Amino acid sequence: MRIILLGAPGAGKGTQAEILSQHYCIPAVSTGNLIREAVRAQTPLGLRVQAVIERGELVSDETVIQILTERLTKPDCEGGFILDGFPRTVPQAQALELISDVDCVLSIEVSDERIIKRMGGRRSCPKCGATYHVDYKPSAGGENCQHCGEFLVVRNDDKPEVVLHRLETYHAQTEPLKVFYEKTGKLLCVEGQEEVKDTTALVLEALASL
Ligand code: AP5
């Protein structure tokens with residue numbers, strides 16, 4: 001199964017990608033996590049893009065396509081993958097067509113108002129990239145990551161003014177991908193629900209219809 005997850009920042013792509021990864025035993029590939037890892041490790045790439053992601057803008061197509069191409073050639077992607085956060089522009093979608101086929105593009109729809117409310121409660125693990133929510137998906141480790149024990153943080157780009165800018169960027173540059181993929185007949189849309197498990201049920205139902 002090769003799945004693309006589309007959706008605004010905070011729509012729940014990462015959350016559902018993690019669940020689908022376990023369900024289908026295929027890796028979830030998040031370009032956001034790959035970029036944040038590079039920033040944490042202060043690699044040349046990380047140093048170049050740190051300010052861009054903290055402003056809530058997109059990293060250049062060229063850079064992200066290179067990161068994604070390297071990741072998809074790893075052996076664990078041979079049996080399929082879930083793309084979370086890629087593609088985000090039409091040129092990225094066109095580049096992906098040259099790298100791999102996809103079976104379906106699933107868009108998780110959530111209104112801007114609900115996203116703004118949600119983002120204030122997100123907590124992220126700076127070490128392994130796991131994502132939580134103080135109300136909807138608390139960590140079993142309390143203020144620490146239930147997977148690796150690291151202290152959870154609020155991402156720099158989850159500050160309210162940056163979230164607004166990320167939403168503008170999404171509507172201007174990423175939302176047009178829905179038209180792009182509608183033409184391929186591979187687009188499925190699900191309404192993001194208030195509870196994670198309810199969104200998962202709709203996502204699995206949509207994928208079962210393939
Ligand atoms: P990225 O990490 O991809 O950020 P994003 O798309 O903005 O997505 P988020 O991770 O913020 O949200 P999500 O949809 O995964 O939601 P989540 O599941 O966490 O990218 C970060 C940056 O990297 C970009 O801004 C850009 O600069 C750069 N970048 C990355 N990819 C790029 C690309 N292809 N091209 C160019 N630049 C790129 O859920 C959010 C919160 O809500 C969590 O707390 C979660 O627990 C909670 N939640 C989830 N579902 C529910 C639910 N149903 N009910 C209640 N709460 C829920």
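In strand β4, I108 is the bridge partner of G7. This pair belongs to a longer match in the predicted model: β1 and β4 run parallel and are joined by five bridges. On another side of the story is β3 (residues 81-84), which pairs with β1 (residues 2-7) in the parallel sense over four bridges. Three of the residue pairs can be followed one by one. R2 has F81 of β3 as its bridge partner, I3 stands opposite I82, and L5 stands opposite D84.

How much of β1 is buried? Five of its six residues are, so the strand is largely enclosed by the rest of the structure. Strand β3 can be described residue by residue as well. F81 and L83 point one way from this strand, I82 and D84 point the other way, and all of them are buried. Readers who wish to trace this in the model may start from F81, already met as the partner of R2, and then move along to L83, which is the bridge partner of V29. That last pair leads on to β2, since β2 and β3 pair in the parallel sense over three bridges.

With these pairings in hand, the whole sheet can be laid out. Five strands form an open sheet with parallel pairing, and their order is β2-β3-β1-β4-β7. Which strands stand at the edges? They are β2 (28-30) and β7 (187-191); each has a single partner strand, so one side of each is left without a neighbour in the sheet. On average, neighbouring strands of this sheet are turned by 25 degrees against each other, direction ignored. A helix also packs on the sheet: α1 (residues 13-24) touches β1, β2, β3 and β4 (104-109). The direction of α1 makes about 165 degrees with that of β1.

The next topic is the ligand. It is surrounded by 37 residues, of which the closest are T15, E57, R88, R122 and R166. R88 comes up again among the polar contacts, because an N or O atom in its side chain is within the 3.5 Å cut-off for such a contact: the distance to an oxygen atom of the ligand is 2.5 Å. For R36, a polar side-chain atom lies 2.8 Å from an oxygen atom of the ligand. T199 meets a nitrogen atom of the ligand instead, with an N or O atom of its side chain 3.2 Å away. How much of the ligand does the protein bury? Taken alone, the ligand exposes 1000 Å², and the protein buries 98% of that.

Several elements give two or more residues to the shell around the ligand, namely α1, α2 (31-40), α6 (112-119), β6 (131-133) and α9 (196-208). The helix α1 therefore appears twice in this account, as it also packs on the sheet. Among the contributors, α2 gives the most, with four residues.

Finally, there is C148, which is found in the loop between β6 and α7 (160-174). Is C148 buried or partly exposed? With a relative accessible area of 29%, C148 is partly exposed; a buried residue would have to be under 20%. Leaving aside its neighbours within four places in sequence, C148 is in contact with C125, K127 and C128. A separate comparison pairs C148 with V179: the two are 31 residues apart in sequence, and their C-alpha atoms are 39 Å apart in space.

Definitions and conventions. Residues numbered from 1 in each chain as written. Predicted model: local features only at pLDDT ≥ 70, side-chain atom pairs only at ≥ 80, totals over all residues. Heavy atoms only, no water. Pairing = 2+ DSSP bridges. Axes fitted to C-alpha atoms, helices over the stretch in contact; angles between N-to-C directions. Contact = heavy atoms within 4.5 Å. Buried < 20%, exposed > 50% of the residue type's maximum accessible area, 1.4 Å probe, protein only. Near = heavy atom within 4 Å. Polar contact = N/O pair within 3.5 Å; in protein donor to acceptor, adjacent residues only side chain to side chain. Areas by Shrake-Rupley, 256 points an atom, 1.4 Å probe, with all protein chains shown as cover.
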